[in-house]
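Subject: Model handover

Hi,

Here is the model for your queue. Please load it before reading on.

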Amino acid sequence: MPNPTVVGFSGNFTRPSKTRGFVEHVVRDIAVRNNLSASTYDIEDVGASLGSAKWARDLDQQGRDVLDKVVNADVLVVGSPTYKGSYTGLFKHFFDLLDPSALRGKPVLLLATGGGERHALIVEHQLRPLFGFFEALALPTGVYATDKDFADGVLVSEAIRKRAAQAVEEAGYALLRAGGQRVAAE
Ligand SMILES: Cc1cc2nc3c(=O)[nH]c(=O)nc-3n(C[C@H](O)[C@H](O)[C@H](O)COP(=O)(O)O)c2cc1C
């Protein structure tokens, strides 16, 4: 059986990116604690075919590979920079290409970054409903970080790191539950 995976997907399309760094931080933490294979992607990794794709079948191989990794992850960590009060347009466009049942029951940890505190509820008001649509298992603790929580692109805020650790712990519980269900089905 292949090693279970944790996959990060970040809605940034410029680099360096605080959001991608934040997603990678959490993905690494989940991987180490639960002995999972880990990878993280962003919009740049999906490649040029994303912008013109109306359906998943319109993606080129590069885009298709990222989509497959996201859909097949055992745990997904998603994050987006706040753009005009929401996730980036290309982040939403990527998820618009997925089948409505593609993420059903999948544990998804929700992250976002923004320039200030004003849009901290993007996690609850934008990300959570999107993954609710997919009937994913969105974890209870979502985490929002602002520019001042980072130094040279690295998450330095103790308060945010602590909250992220709480979300990582919840991902561990979700994995245990999924593992138990797998064993029961065998
Ligand atoms: C086009 C654009 C729109 C933005 N809109 C918002 C916003 O509505 N609210 C906010 O808090 N920050 C906003 N920001 C700031 C970014 O969300 C913030 O700097 C983010 O952490 C950048 O993440 P990145 O380093 O991953 O690109 C905006 C930035 C850009 C470029």
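Below are notes on one helix, the ligand shell and some backbone details.

This is a predicted model: local features need pLDDT of at least 70, side-chain atom pairs count only at pLDDT 80 or more, and totals for chains, interfaces and linings use all residues. Residues are numbered from 1 along each chain as its sequence is written.

Helix H4 covers residues 61-72. Helices are DSSP runs of H or I with at least four residues, strands are E runs of at least two, and both are numbered from the N terminus. Gly-63, Val-66, Leu-67 and Val-70 of H4 are buried (20 or more other C-beta atoms within 10 Å of the residue's own; exposed is 12 or fewer, partly exposed in between; C-beta atoms are placed from the backbone). Down the axis of H4, the buried residues fall within an arc of 100° (directions from the axis to the C-beta atoms), so they line one face. Gln-61 and Asp-68 are exposed on the other side.

The ligand has 17 residues around it (C-beta, placed from the backbone, within 6 Å). The closest are Ser-17, Thr-19, Pro-81, Gly-114 and Gly-115. Helix H1 (18-34) and strand S4 (107-114) each give at least two shell residues.

Now the backbone. The Arg-15 to Pro-16 peptide bond is cis, with omega near 0°. Pro-16 sits in the loop between S1 and H1. Lys-84 has a positive phi, near 50°. Lys-84 is in the loop between S3 and helix H5 (89-96). Lys-84 counts as exposed because it has 8 C-beta neighbours inside 10 Å.

Best wishes

Conventions
Expected span 1.5 Å × (residues − 1).
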